[in-house]
Amino acid sequence: MLTIEEALKIIKDQQVTLTTENRSLRECLGFSLSEDIISSFDMPSFDNSAMDGYALCGISKEYQIIGEVAAGDERQLTLKEGEAARIFTGAKIPENTTAVMMQEKARASGKKLFLEQEPKKGQSIRQKGEELKKGQVVFEKGYTITPAGIGMIGSLGNDKVEVFKKPVINLITTGNELVKPGNPRPEGHIYESNSYALVAACENYGFICEDKKQIEDDFEAIKTGIKNSLETAEVLVLSGGISVGDYDFVKQALEENGVEEQFYKVFQKPGKPLYFGRKGDKFVFALPGNPASSLSCFYIYVLPLLYKLSGSEKSGLAQYTFPISHNYENKSDRPSFLKAKVNNGKVEILDGQGSSMIQSMALGNALVFLDGESSAKKGELVQCFLIS
Ligand code: AMP
Ligand code: MG
């Protein structure tokens with residue numbers, strides 16, 4: 001059986017074809033740049049005031065006020081020694097300005113200006129180019145656009161950006177026992193919840209699941225469902241039916257659809273019967289149906305591929321080490337991803353580690369990775385994958 005590292009390497013090493021598109025500022029959040037963004041001018045592009053106050057020429061405590069510049073004024077005022085101009089935040093600095101004094105530290109009386117203290121040269125002036133120089137690389141290709149990134153790109157005057165397209169994702173859940181929430185639940189049935197959790201997990205990381213289907217444990221139906229989904233999906237995620245039970249038809253249905261297995265089964269808990277396959281440029285994950293297994297596998301395995309297919313510099317969940325807040329003995333023989341909560345710089349492994357148990361995952365915010373049969377002593381640093 002594959003180790004976790006081997007399985008992740010197979011995903012990471014997939015050759016993928018990326019395509020690009022031009023998106024508006026309004027619609028580029030979470031997309032990754034397909035080219036560097038270069039500043040086409042100095043930022044700021046002109047010396048301007050960091051304060052509401054007075055632009056001063058020379059170092060003194062008394063000045064003669066000769067005019068005013070507001071933000072957006074185009075004309076260039078020129079000061080002589082001993083002169084001051086009323087100025088506002090963001091306004092263009094008059095020629096020969098030594099410093100700007102904030103208005104709280106100045107008193108004007110008619111045309112006379114009196115300061116509490118002498119200004120320091122350059123004080124409260126935002127210098128042309130102090131943030132960025134013309135021609136400078138602001139963001140490199142692969143940068144994933146954040147709200148601040150959108151602000152930066154807009155401040156450079158760009159209303160559009162070239163980004164990598166994100167993959168089209170489809171989802172198929174399988175199982176005779178599954179009932180859609182909101183409907184009566186016959187004996188022996190459970191509510192189908194994985195599709196909701198997985199669609200939401202996609203959305204949480206900026207991906208959209210375009211289509212989801214629920215299919216019975218029927219070989220032909222699953223085979224047809226996979227065939228149809230593969231017509232549009234670039235990433236097909238299945239949940240359930242990938243284990244070794246008599247009604248687990250997914251693997252064979254994938255094979256008969258020409259999907260080539262890249263790996264099947266990983267030595268881990270939860271999520272041992274994880275399957276990853278590929279057909280041309282299309283990728284397929286079949287996740288075990290247990291709710292915690294399917295989500296855990298999504299975070300650890302599917303997310304890295306989604307990032308890769310969207311040209312992102314990110315390779316998966318953020319990883320940190322935190323000291324564990326209590327002793328913990330890992331009873332599993334397999335390396336484990338344990339539902340945990342990071343709080344106040346420490347991590348607690350939660351109760352309810354069963355593969356079918358999702359409440360602990362919902363109350364937590366991390367997966368702690370522990371090798372099989374290893375224990376962690378209170379205060380020991382453990383590897384944490386943060387879930388948002
Ligand atoms: P399977 O992987 O199909 O053998 O399913 C493993 C367990 O997960 C079974 O107890 C199923 O009832 C449960 N399960 C499978 N699919 C879902 C789903 N979509 N939502 C909730 N539970 C599921
Ligand atoms: Mg099943």
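A polar contact is taken here as a pair of N or O atoms within 3.5 Å. In the predicted model, a nitrogen atom of ligand 1 meets this criterion with a polar backbone atom of Asn194, the separation being 3.2 Å. Two glutamate side chains also approach the ligand: a polar side-chain atom of Glu177 lies 2.5 Å from an oxygen atom of ligand 1, and a polar side-chain atom of Glu192 lies 2.8 Å from a nitrogen atom of ligand 1. Of the 480 Å² that ligand 1 exposes when taken alone, 78% is buried by the protein. Two or more residues of the surrounding shell come from each of the strands β13 (169-174) and β15 (190-191).

The shell as a whole comprises 16 residues, of which Glu177, Glu192, Ser193, Gly241 and Gly289 are the closest to ligand 1. By class, this shell around ligand 1 consists of 9 polar, 5 nonpolar and 2 charged residues.

A search of the whole structure for cavities of 30 Å³ or more returned 1, and the largest cavity has a volume of about 30 Å³. Its lining is formed by Ile169, Asn170, Leu171, Leu198, Cys202, Cys209, Val237 and Phe298, with β13 and the helix α3 (194-204) as the elements that each supply two or more residues. The greatest share comes from β13, which gives 3 residues to the lining of the largest cavity. In class, the lining of this cavity has 7 nonpolar residues and 1 polar residue, with no charged residues. Strand β13 thus appears both in the shell around ligand 1 and in the lining of the largest cavity.

How values were computed. Residues are numbered from 1 along each chain as its sequence is written. Chains are lettered from A and ligands numbered from 1 in the order in which they are written. This is a predicted model: local features need pLDDT of at least 70, side-chain atom pairs count only at pLDDT 80 or more; totals for chains, interfaces and linings use all residues. Side-chain values use heavy atoms; hydrogens and water are left out. A residue is near a molecule or strand if one of its heavy atoms lies within 4 Å of it. A polar contact is a pair of N or O atoms within 3.5 Å; within protein, one must be able to donate a hydrogen and the other to accept it, and residues adjacent in sequence count only if both atoms are side-chain atoms. Accessible areas come from the Shrake-Rupley method with a 1.4 Å probe; for residues, only the protein chains shown count as cover. Helices (H or I, at least four residues) and strands (E, at least two) are DSSP runs, numbered from the N terminus. Ala, Val, Leu, Ile, Met, Phe, Trp, Tyr, Cys and Pro count as nonpolar, Asp, Glu, Lys and Arg as charged, and the others, Gly among them, as polar. On a 1 Å grid over the protein atoms alone, a cavity is a set of points where a 1.4 Å probe fits but cannot get out, and a pocket is an open set with protein on both sides within 12 Å along at least five of seven lines; lining residues have an atom within 4 Å of a point. Grid points are joined across faces, edges and corners, and a volume is the space filled by probe spheres set on the points.
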